[in-house]
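Reader: I am new to this kind of picture and would like to learn how to read it step by step. Could we begin with one residue and work outwards from there?

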Amino acid sequence: MSFFIMTIENIVKQVKSATDWQINKRLLRERVQTDLLLPHGGGLFKITPDFIAFLNSWESETIYLEDTYQNPIEVNRQELLYEAKEHYQRVMNRWHQEHEELRKIRRL
């Protein structure tokens, strides 16, 4: 009987650990999505690979972009591109580091 109880306790512990992992992973991703917002030129832009690719492919130096609040914002394309790439990489690096820390905790 005690073996059966130990097995159930182990199963409960593993399920709780897996649930905590999924919750923490989701919360981390939600925070990262917020961290991807970059203020620039009076607007607030969500930095994504598509956004960076768009800025990189556009030829005009001055462009008008819709920000996250649906306002047209005049920006210098090169300045915003530089800031966007730096910001995106910084956020992704931090996300990766924190995700790895969560994985280490999960294995313990």
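**Reading from one residue outwards**

Author: Let us start with H40, which sits in strand β1, covering residues 37–40; please keep in mind that this is a predicted model.

Reader: Is H40 buried or exposed?

Author: Buried means a relative accessible area under 20%. H40 has a value of 10%, so this residue is buried.

Reader: Which residues is H40 in contact with, leaving aside its neighbours within four places in sequence?

Author: A contact means heavy atoms within 4.5 Å. With those neighbours set aside, H40 touches F45, I73, V75, N76, E79, L80 and E83.

Reader: F45 is on that list; how many aromatic pairs does the structure hold?

Author: There are two aromatic pairs in the structure. In the pair of F45 and F51, the ring centres are 5.8 Å apart and the planes meet at 25°, so this pair is stacked, because planes under 30 degrees apart count as stacked. F45 is buried at a relative accessible area of 2%, and F51 is buried as well, at 14%.

The rings of F54 and W58 have centres 5.1 Å apart and planes at 40°, so that pair is tilted. F54 is partly exposed at 31% relative accessibility, and W58 is partly exposed at 39%.

Reader: What pattern does the chain follow along the sequence?

Author: The chain has three helices and four strands, arranged along the sequence as α-β-β-α-β-β-α. Of its 108 residues, 25% are buried, and among contacts with a separation of 6 or more, 57% join residues 24 or more positions apart.

Note on methods
Residues are numbered from 1 along each chain as its sequence is written. This is a predicted model: local features need pLDDT of at least 70, side-chain atom pairs count only at pLDDT 80 or more; totals for chains, interfaces and linings use all residues. Side-chain values use heavy atoms; hydrogens and water are left out. Helices (H or I, at least four residues) and strands (E, at least two) are DSSP runs, numbered from the N terminus. Buried means under 20% relative accessible area, exposed over 50%, partly exposed in between (1.4 Å probe, protein chains only). Rings of Phe, Tyr and Trp (its six-membered ring) pair if their centres lie within 6.5 Å; planes under 30 degrees apart count as stacked, over 60 as edge-to-face and the rest as tilted.
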